[in-house]
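These are my notebook entries on one structure. I set down what I looked up, entry by entry.

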Amino acid sequence: MRGPTGEETTAVLRGAIGAALWAPSVHNTQPWSFGLSGGELSLRADVDRLLRAGDVSGREMLVSCGAALCNVQMALLAGGHTPEVRVLPDPDRPNLLATVRLGEDVEADEHSRMLFGEVERRRTHRGGFTDVPVPDGLIDALVREAAAVGVRLTPVLAPSGVRVIAALTAAAEEIQEHDLDFSLELLRWARPPGDERGEGVPAGGYPAEPETAFAQRDYAHGKGWGYEAEPGATAGTVAVLTTVEDRRKDWLAAGQALQRVLLRASASGVSAAFHTQALEMHHLREFLREELLSNEHPQMIMRLGVAKEGPVPPRRALDDVLDTDR
Ligand SMILES: Cc1cc2nc3c(=O)[nH]c(=O)nc-3n(C[C@H](O)[C@H](O)[C@H](O)COP(=O)(O)O)c2cc1C
């Protein structure tokens with residue numbers, strides 16, 4: 001059997017970049033850019049989009065890029081191509097996060113096709129959830145998705161654990177709302193109603209008032225943006241993604257795990273809300289690690305549940321993130 005021509009390879013990799021654009025990213029910053037040259041896709045961190053107040057180390061930027069890399073892998077697997085991925089391939093070019101080439105052609109497996117099928121359907125939710133329960137066995141399936149890439153997903157079932165995480169989230173949110181650098185940064189990425197830029201958090205994407213005990217980011221900044229909150233919503237199942245170590249490659253793995261979890265959840269009609277404020281404050285993140293997470297490093301805090309359908313979040317166009325000469 002003949003292998004794909006150069007043109008076919010380029011078309012397949014370009015399609016995979018199209019899937020990457022749908023990944024979640026902190027404040028919808030989409031902190032990535034892609035290169036396509038010589039049959040190789042490269043994924044770079046776009047450091048102009050780094051959150052300099054909230055994400056000093058670049059951890060959330062790399063988690064976001066890891067999620068984008070996962071979408072590339074799922075697109076290729078679902079299309080019957082084995083992705084040959086090198087993560088952080090060049091120590092002298094730290095913003096080059098991964099390169100991907102087409103490996104052997106394979107029969108696309110059902111599981112990859114299922115995950116890929118959710119890439120454009122998955123949405124971040126920000127309010128409370130309906131009282132429809134998370135399907136039996138789904139949380140175990142999500143734990144397996146994260147474990148497949150060496151990351152742990154821990155459901156927090158004890159009410160006391162949930163209260164501690166909600167309290168830390170509230171504390172971090174309170175501090176950030178009164179910090180000028182954090183506030184200006186959030187303002188930069190929060191979008192007013194009717195704004196049509198392909199990035200940032202749209203005004204229709206969150207309730208005007210928090211619907212659960214978990215503090216919500218102050219995207220509206222007192223301007224009354226957001227949809228009308230509904231009474232009776234539930235917080236859902238709280239879960240934390242953790243890694244044993246806390247290096248840049250662990251952050252990328254956490255992003256890949258996050259996206260696998262979200263796609264698998266979406267396939268069962270379940271969505272996630274995120275509350276990462278406490279992870280942006282060093283001492284609160286350390287407190288969580290030591291007191292609640294057996295010394296593993298928290299990478300993502302989420303609530304999982306069944307939500308009503310939300311608006312399609314904005315994205316930049318493929319040509320805005322793709323450089324074909326690199
Ligand atoms: C690392 C990371 C941190 C995030 N933190 C929060 C958060 O604290 N609060 C929130 O509402 N959404 C959070 N999000 C979700 C993003 O706002 C969301 O992915 C983005 O707006 C794009 O929307 P979408 O996920 O519906 O495509 C986070 C996403 C990532 C990847």
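**Entry 1: ligand contacts.** I looked first at the polar contacts of the ligand and found one of its nitrogen atoms 3.1 Å from a polar backbone atom of Phe274. The protein buries 97% of the 620 Å² that the ligand exposes when taken alone. The model is a predicted one, and I read each distance with that in mind. Two arginine side chains followed. For Arg126, a side-chain N or O atom lies 2.7 Å from an oxygen atom of the ligand. For Arg217, the corresponding distance from a side-chain N or O atom to a ligand oxygen is 2.9 Å.

**Entry 2: the shell around the ligand.** How many residues surround the ligand, and which are the closest? I noted 21 residues, with Thr124, Arg126, Arg217, Thr276 and Arg315 as the closest. By type, I recorded eight nonpolar, seven polar and six charged residues in this shell. I then asked where the largest share of the shell comes from. Helix α2, residues 59-78, supplies that share with three residues. At the level of domains, domain 1 (6-122) and domain 2 (138-305) each give at least three residues to the shell.

**Entry 3: helix α1.** I checked the span of α1, which covers residues 6-20. Its 15 residues reach 21 Å from the first C-alpha to the last, close to the 21 Å expected at 1.5 Å a residue. Which residues of α1 are buried? I listed Thr9, Leu13, Ala16, Ile17, Gly18, Ala19 and Ala20. For reading such a list I kept the general rule in view: an α-helix has 3.6 residues a turn, so residues three or four places apart point the same way.

**Entry 4: helix α7.** I made the corresponding check on α7, residues 248-267. This helix has 20 residues and runs 29 Å from its first C-alpha to its last, close to an expected 28 Å at 1.5 Å a residue. I found α7 mostly covered, with 17 of its 20 residues buried. Just after α7 comes Gly269, for which I noted a positive phi of about 75 degrees.

**Entry 5: positive phi outside glycine.** I searched next for backbone angles worth a second look, given that most residues other than glycine have a negative phi. Leu88 has a positive phi, near 45 degrees. I placed Leu88 in the loop between β3 (81-87) and β4 (96-105). Leu88 counts as partly exposed because its relative accessibility is 24%, and that class lies between the limits of 20% and 50%. Asn295 also has a positive phi, near 70 degrees. Its loop joins α8 (282-292) and β8 (297-305). With a relative accessible area of 44%, Asn295 is therefore partly exposed.

**Entry 6: accessibility and separation.** I then looked up three further residues.

- Asp48 sits in the loop between β2 (40-45) and α2. Is Asp48 buried or exposed? I entered Asp48 as exposed because its relative accessibility is 62%, and the class begins over 50%. Between Asp48 and Glu173 I noted 125 residues in sequence and 24 Å in space, C-alpha to C-alpha.
- Arg144 belongs to helix α4, residues 138-147. Its relative accessibility is 56%, so I entered Arg144 as exposed. The C-alpha of Arg144 is 19 Å from that of Val63, and the two residues are 81 residues apart along the chain.
- Val132 is in the loop between α3 (110-117) and α4. I classed Val132 as partly exposed because its relative accessible area is 45%. The C-alpha atoms of Val132 and Ala220 are 28 Å apart, with their positions 88 residues apart along the chain.

Terms used: Residues are numbered from 1 along each chain as its sequence is written. This is a predicted model: local features need pLDDT of at least 70, side-chain atom pairs count only at pLDDT 80 or more; totals for chains, interfaces and linings use all residues. Side-chain values use heavy atoms; hydrogens and water are left out. Helices (H or I, at least four residues) and strands (E, at least two) are DSSP runs, numbered from the N terminus. The expected span of a helix is 1.5 Å times one less than its number of residues. Buried means under 20% relative accessible area, exposed over 50%, partly exposed in between (1.4 Å probe, protein chains only). A residue is near a molecule or strand if one of its heavy atoms lies within 4 Å of it. A polar contact is a pair of N or O atoms within 3.5 Å; within protein, one must be able to donate a hydrogen and the other to accept it, and residues adjacent in sequence count only if both atoms are side-chain atoms. Accessible areas come from the Shrake-Rupley method with a 1.4 Å probe; for residues, only the protein chains shown count as cover. Ala, Val, Leu, Ile, Met, Phe, Trp, Tyr, Cys and Pro count as nonpolar, Asp, Glu, Lys and Arg as charged, and the others, Gly among them, as polar. Domain bounds come from an automatic or database domain assignment.
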